[in-house]
Amino acid sequence: MLVREKKEKIHGLPDLENVEGKVVMRIAPGPSGPLHIGHTRVAILNDEYVKRYGGKLICRFEDTNPDKIEPDAYDMIKEDLEWLGVNIDEYAVQSERFQYYYDITRKLIEMGHGYMCTCDGDEWRKMKEEMRPCPCRDLPVKENLERFERFLAGGYGDGEAVAVIKTAIDHPNPAIRDFVALRLVRHPHPKTGTKYVAYPMMNLSVTIDDHLMGMTHVIRGKDHLNNTLRQEYIYDYLGWKKPVFHHYGLVNIPDTVLKTSLIKQSIRDGEYTGWDDVRTGTVRALRRRGIRPEAIRRYWVENGIKPIDIQFSWDNLFAMNRDLIDDKADRYFFVADPVRYDIEGGDDLKGRAPLHPDHPERGWREYHVGGYKTVYLSEADSLMFSQAGKVRLKDLCNISYGTPAVYDGNDVSILKEGVRAIQWVCGESVRAEVLMPDGTSVKGLVEKAILDGKGDMVQFERFGFVRVERRSPEGVICIFAHR
RNA sequence: GCUCAUGUAGUGUAGCGGCCAAUCAUUCGGCCCUUUCGAGGCCGACACCCGGGUUCGAAUCCCGGCAUGAGCACCA
């Protein structure tokens, strides 16, 4: 009883502060590509809290940097979220909301909290570093408003002007001093074309949308800590109520490719097969490898929302996934880099093995080696066999080394003496190829019973869990998940 | 350089003044079970960054140091 209570606590996320009834939360992906494993953390955490407290979860596409947008990403992200089991109540797109950003920036300028800067960008930054206001900062409101309208109308050339929010020019933290709110972009936007030239910077659009959409809690990465501090100026200027902010630590994800621009380039170059290439860490690649969304969820829930930086552990994720699939995955023998052995002696060789050792009721794989009595062993097991001299073909019989190999009875008890049981296939097997996460592939043979199998996750005994991508008598294509 | 954040086993986490000679998961090692190096069972290994202080008592509070990370973009 006591033990159970303790366990429940450990596996749960801590409560949020200041929850009054329902919550409104959001995830805000930039549509530059599909989601990768790193993005799933914020999605899962927000989803978990909305499910706990009730309320709504908004997915807001932050598409305010037109030259980084991948037009397909809007749909891909939506699919990824659905697959993850993240329940989105509303979708919003920032490129449809520019009017809000303009109206509120105008208001801030009117209030004297913003200005239009026409200084050279480098010089403006240099002055900020020295805590000196630029000449535009103290221009009269009227002049700033005129510049603002001219700015919206496209009356400035690229880089000639920006709208700036004032904070404290002498703020001890250089990252907080005056920040750009709107900039000029002439690059056409995939959704709005060249309709707008004035584009909001993230700190402006995020703040306005979070307020307008009624966000109660914002969970995001620690890299946004300073952005939060900047955004608080806007909340204060306008007398808006601030959401509760939470910043979780950064995640370092090893051994995979996550950078969207890099993946995109490799796809274009034909090196990667697509966004679901197994060498990448995209959600669709993990899905293709047979990682269950529940495993990803459990992983992030157990990681919590602490602000410390963490190291992502594939081992831990795989262990959670194994937990989920082990009971469902049927077992088959797969032989990598097959080496042929003929067996001399013994009579009509027959054997059978359960599809799953814990579930004999699911049925059996029947073996009838008979006839030529030809089997194939993996290259590694063949080598081991030659050194050990004796080996058990699991669920069939024992053999002694030689060419041909010699039938050596069917006494299972030799396993107790240290003889190894190995996997094998007979002549009636199917070609199989297993695509590995590093992009290589392992070719071999798999028992033909796999063709009648259902369910996409199977275990190749002593090889690992794989997802079956294609089943056909000509060959089976699998993706390696983990051991 | 400045500013901010954080420091519990290999990894992630619990604990947040006495119940902690520190939890759980994973990892690793051993044993049992098993015709898989899968699953299951049992046992074991590994940690409170350092130094001061407060206190009867500190992983827990305070200060300093150190370390790590982030930001200082007309990216998000």
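**Exercise 1. Asn227 and its surroundings**

The side chain of Asn227 is in polar contact, at 3.0 Å, with the side chain of Arg230. The model in which this is found is a predicted one. Find which helix holds Asn227, decide whether Asn227 is buried or exposed, and list which residues it touches beyond four places in sequence.

Solution.
1. Helix α8 spans residues 225–238, and Asn227 lies in this helix.
2. The relative accessible area of Asn227 is 11%. Buried means under 20%, so Asn227 is buried.
3. Leaving aside residues up to four places away in sequence, Asn227 touches Met202 and Asn203.

**Exercise 2. Cysteines and disulfides**

Determine how many disulfides the model has, and work through Cys136 and Cys397.

Solution.
1. A disulfide needs two cysteine sulfur atoms within 2.5 Å. By this rule the count is 0 disulfides.
2. For Cys136, the nearest cysteine sulfur belongs to Cys119 and is 3.7 Å away, and Cys136 is in no disulfide.
3. Cys136 has 3% relative accessibility, so this residue counts as buried.
4. For Cys397, the nearest cysteine sulfur is that of Cys426, 12 Å away, and Cys397 is in no disulfide either.
5. The relative accessibility of Cys397 is 0%, so Cys397 is buried too.

**Exercise 3. A sheet of three strands**

Give the strand order of the sheet that contains β1, β2 and β3, and state whether the pairing is parallel or antiparallel. Then name which strands lie at its edges.

Solution.
1. The sheet is open, its 3 strands follow the order β1-β2-β3, and their pairing is parallel.
2. β1 (23–27) and β3 (90–93) are the edge strands, since each pairs on one side only.
3. On average, neighbouring strands of this sheet are turned by 25° against each other, direction ignored.
4. Between β1 and β2 (residues 55–61) there are 5 bridges, and the two strands run parallel.
5. One residue pair can be located here: Ile27 has Cys59 in β2 as its bridge partner.

**Exercise 4. Strand β17**

Explain why β17 is described as largely enclosed, and identify how β17 pairs with β14 and with β22.

Solution.
1. Strand β17 covers residues 374–378, and 4 of its 5 residues are buried, so the strand is largely enclosed by the rest of the structure.
2. β17 pairs with β14 (residues 338–344) in the antiparallel sense, over 5 bridges. In this pairing, Ser378 of β17 stands opposite Pro338.
3. β17 also pairs with β22 (residues 425–426) in the antiparallel sense, over 2 bridges. Val375 has Cys426 in β22 as its bridge partner.

Notes
Residues numbered from 1 in each chain as written. Chains lettered and ligands numbered in written order. Predicted model: local features only at pLDDT ≥ 70, side-chain atom pairs only at ≥ 80, totals over all residues. Heavy atoms only, no water. Buried < 20%, exposed > 50% of the residue type's maximum accessible area, 1.4 Å probe, protein only. Pairing = 2+ DSSP bridges. Helix = DSSP H or I, 4+ residues; strand = E, 2+ residues; numbered from the N terminus. Axes fitted to C-alpha atoms, helices over the stretch in contact; angles between N-to-C directions. Polar contact = N/O pair within 3.5 Å; in protein donor to acceptor, adjacent residues only side chain to side chain. Contact = heavy atoms within 4.5 Å.
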